Amino acid sequence: MMGKIMRIINITRYRIFVISAFLLATSHVATALEVHSGHATQGGMIIIKTDPDATLTVDDQPLMLSDTGFAVLGFHRDDTSAIHLHATYSDGSDAYLAITPEPRQFKEQRIDGLPSHMVTPPQAVLDRIARDRKLVSKARSASSALMGWQQDFIWPTHGIITGIYGSRRILNGQPRAPHYGIDIAAATGTPVKAPADGIITMVDDLYFTGITIIMDHGHGISSTFLHLNKADVQPGQTVKQGDVIGSVGSSGRSTGAHLDWRINWFDKRLDPALLTGPMPDS
Ligand SMILES: [Zn+2]
């Protein structure tokens, strides 16, 4: 009889031990999945922080996590619905986080009375444009482990801002794709610098955008530099923030010397102005 009671007590003690061990294992997860920095808005980039041992997904797609526990993602100009993050930890616990991008107002500009060939390119040009698009989309699909996106981005060149992210032009009544870059007017030959560390993934001369450089900053974040006068880098080259990669020009379909700088998270277009401070007085 005595022996049986002792055994029940022992089992009870064992159960208490198991329960407290379980509580310890789950308690470290309480603060484990959070927005670390960035802008949860249309065109914004956000940095997520979690345990480095996590496996992370966004809307059920894998999301790359650095060995320090950081991940990055971005919202397109027209994104309105919430994204869902799910982290699974090595102890079997998990965490969820939903983030809804805040809507923004974008400018609209109507230009009428343009010659029709300026609005719709001739067929001969369309094949060239299709080839250019493939090259660009391949260069932007890079998903390296580079960490340039964690830096504070610097302006690649200084000048007057003549075009902003998200504005839409309506030519002869036909809506055109919104403008996804930031246009910086500067003299031809003004140096263009790497806004953050990266690797050059494309250098080419394209129909619309002229001499074009694409740079991978890691985890799907890339920079594109359009209408250059010349490129001083080669594909595969590693660059540090502030290194000169080329110079401002007016190549491609451009009306004057300026740099059009774009930022992508894979195929989502982000607003470069959200990643830098205000333009410094040269
Ligand atoms: Zn532009």
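## Ser223, tucked away

Ser223 is buried, with a relative accessible area of 0%. Keep in mind as you look around that this is a predicted model. To find the residue, go to strand 16, which covers residues 221-231.

So what does Ser223 touch, leaving aside residues up to four places away in sequence? Its neighbours are Phe153, Pro195, Ile213, Ile214, Met215, His217, Trp261, Arg262 and Ile263. Two of these also pair up with the serine through polar contacts between side chains: His217 at 2.8 Å, and Trp261 at 3.0 Å.

## The zinc site

Now over to the metal. Which protein atoms serve as donors to the zinc ion? They are NE2 of His179, two OD atoms of Asp183 and an OD atom of Asp260, sitting 2.1 to 2.7 Å from the zinc. Along the sequence, the donor residues follow the spacing H-x3-D-x76-D.

Why is the arrangement called irregular? The angles subtended by the 4 donor atoms around the zinc ion run from 52 to 147 degrees, while a tetrahedral site would need all angles between 85 and 135 degrees.

## How covered are the donors?

Are His179 and Asp183 buried or exposed? The cut-off for buried is under 20% relative accessible area. His179 comes in at 17% relative accessibility, so it counts as buried. Asp183, at 11%, counts as buried too.

Technical notes: Residues numbered from 1 in each chain as written. Predicted model: local features only at pLDDT ≥ 70, side-chain atom pairs only at ≥ 80, totals over all residues. Heavy atoms only, no water. Donors = N, O, S within 2.8 Å, 3.2 Å for Na, K, Ca; no water. Tetrahedral: all angles 85-135°; square planar, octahedral: opposite > 155°, others 65-115°. Buried < 20%, exposed > 50% of the residue type's maximum accessible area, 1.4 Å probe, protein only. Helix = DSSP H or I, 4+ residues; strand = E, 2+ residues; numbered from the N terminus. Polar contact = N/O pair within 3.5 Å; in protein donor to acceptor, adjacent residues only side chain to side chain. Contact = heavy atoms within 4.5 Å.
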